[in-house]
Amino acid sequence: MSAPITVTHVHGERISVASGGVELLAYVYRPDPEAFESRKPYAHPLRTLAGNTVTGYRPNDHRWHKGLQMTASHLSGQNFWGGNSYVHGRGYLPLRDRVGWMRHDGFDTVDAREDRLSFTEHLTWIENGGEEWARETRTVEVHSVEPREGAWALDWSIRLTNVRAEPLRFGSPTTAGREMAGYTGLHWRGPRDLTGGDVLGPGGRGGKGEAGAADMMGVRAPWLAFTGEHDGTDAHSTLVFAHAPENDGAIHPSHWFVRSEPTPTVAFSWAFFEEFELPPGEGFAYRYRVVVADGAWDRERVESWLGTHGW
């Protein structure tokens, strides 16, 4: 049974969700001011029901990593990921004139019920010179806050439409020439204490630490789970990342980008190995789920939860 939640909206800044005295999520839609970090909304902190934080914010290795964010690392020569841009043969460069941003244009709905929050947000993707390239409709839902399960769920969907007069080309560092670095799309950065965590996938894939992450890197699979042990609290947390069924028929196949070391990170990469184009006036859509759980979940526990919580 889902527990009651409390929703607080600081207008113009953030929406937060709490349950049982714990702030589970803060969705910050007033962008941070540093343009080089690609100003855009983010979800941080994310916490388990026990109060353990499972997102990192502006870590010293990548200041542009901020909790859970929608990103695009390579988009028609622009960087909507933030920070340095990968250029084949030259490595990562601080190309400030290539970093775009996402403008919050407003909410259609903010529907806060006793045990569920849903909001629909409109955004515009703007390249570094100020030209509007894409319109996004984003829906975020918090649901299934279940103390007996020790978990809650966040659904995040995107519909993006090209408003340019020419195609938008989506890629990644791997499509630009860097092997097995195909990060882009919805991206989670974990806190530093989850470094070295275990990664599981369906069909027996994954395993301990970075070896488990390497086994899932670049793989197509319906879900991926990341488990780590916290400092100070004698506790583990597990995050389960899952594709909605309709993502199989999306504009381009997705692959997992995942690292356990040196940084705990997972991305639903929509352009890991190959670029794809979005013609003018056309759009695409994806829908994702992130389950935030207390404890070290095994493969059976993950599949049981996913099998009993439909879309």
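**View 1. Leucine 200 meets glycine 206 at one end of the sheet.** In this predicted model, leucine 200 has glycine 206 of strand 16 as its bridge partner. Leucine 200 belongs to strand 15, which covers residues 198-200. Strands 15 and 16 run antiparallel and are joined by two bridges.

**View 2. An open sheet of nine strands.** Step back from that pair and the sheet reads 9-10-11-12-22-18-17-15-16, with antiparallel pairing. The edges are strand 9 (101-112) and strand 16 (206-207), each with pairing on one side only. Strands of a sheet are held in register with their neighbours through backbone hydrogen bonds, either parallel or antiparallel.

**View 3. Helix 2 lies against the sheet.** Here we look at helix 2, residues 299-308, which packs on the sheet. Helix 2 touches strand 11 (132-146), strand 12 (151-162) and strand 22 (283-294), and also strand 18 (236-243), strand 17 (223-229) and strand 15. As for orientation, the directions of helix 2 and strand 17 make an angle of about 130°.

**View 4. The largest pocket, with His62 and His65 among the residues closest to its centre.** This pocket has a volume of about 220 Å³. Its lining counts 15 residues, and the closest to the centre are His62, His65, Tyr92, Tyr183 and Arg259. Sorted by class, the lining holds seven polar, six nonpolar and two charged residues.

**View 5. The second largest pocket, with Arg98 among the residues nearest its centre.** Now for the runner-up, which holds about 180 Å³ of space. Of its 16 lining residues, His74, Leu75, Gly77, Gln78 and Arg98 lie nearest the centre. Strand 6 (74-75), strand 7 (85-87) and strand 13 (168-171) are the elements that each give two or more residues to this lining. Ten of the lining residues are polar, three are nonpolar and three are charged.

**View 6. A cavity with no charged residues in its lining.** Searching the whole structure turns up one cavity of 30 Å³ or more. The volume of this largest cavity is about 40 Å³. Around the space sit Ser73, His74, Asn79, Trp81, Asn84, Ser85, Tyr86, Tyr92, Pro173 and Tyr183. The split by class is five nonpolar and five polar, with no charged residues. A few names come back from the earlier views: Tyr92 and Tyr183 line this cavity and are also among the residues closest to the centre of the largest pocket. His74 turns up twice as well, in the cavity lining and among the residues nearest the centre of the second largest pocket.

Conventions
Residues are numbered from 1 along each chain as its sequence is written. This is a predicted model: local features need pLDDT of at least 70, side-chain atom pairs count only at pLDDT 80 or more; totals for chains, interfaces and linings use all residues. Side-chain values use heavy atoms; hydrogens and water are left out. Two strands pair if DSSP finds at least two bridges between them. Helices (H or I, at least four residues) and strands (E, at least two) are DSSP runs, numbered from the N terminus. Contact means heavy atoms within 4.5 Å. Axes are lines fitted to C-alpha atoms, for helices over the stretch in contact, and angles run from 0 to 180 degrees between N-to-C directions. On a 1 Å grid over the protein atoms alone, a cavity is a set of points where a 1.4 Å probe fits but cannot get out, and a pocket is an open set with protein on both sides within 12 Å along at least five of seven lines; lining residues have an atom within 4 Å of a point. Grid points are joined across faces, edges and corners, and a volume is the space filled by probe spheres set on the points. Ala, Val, Leu, Ile, Met, Phe, Trp, Tyr, Cys and Pro count as nonpolar, Asp, Glu, Lys and Arg as charged, and the others, Gly among them, as polar.
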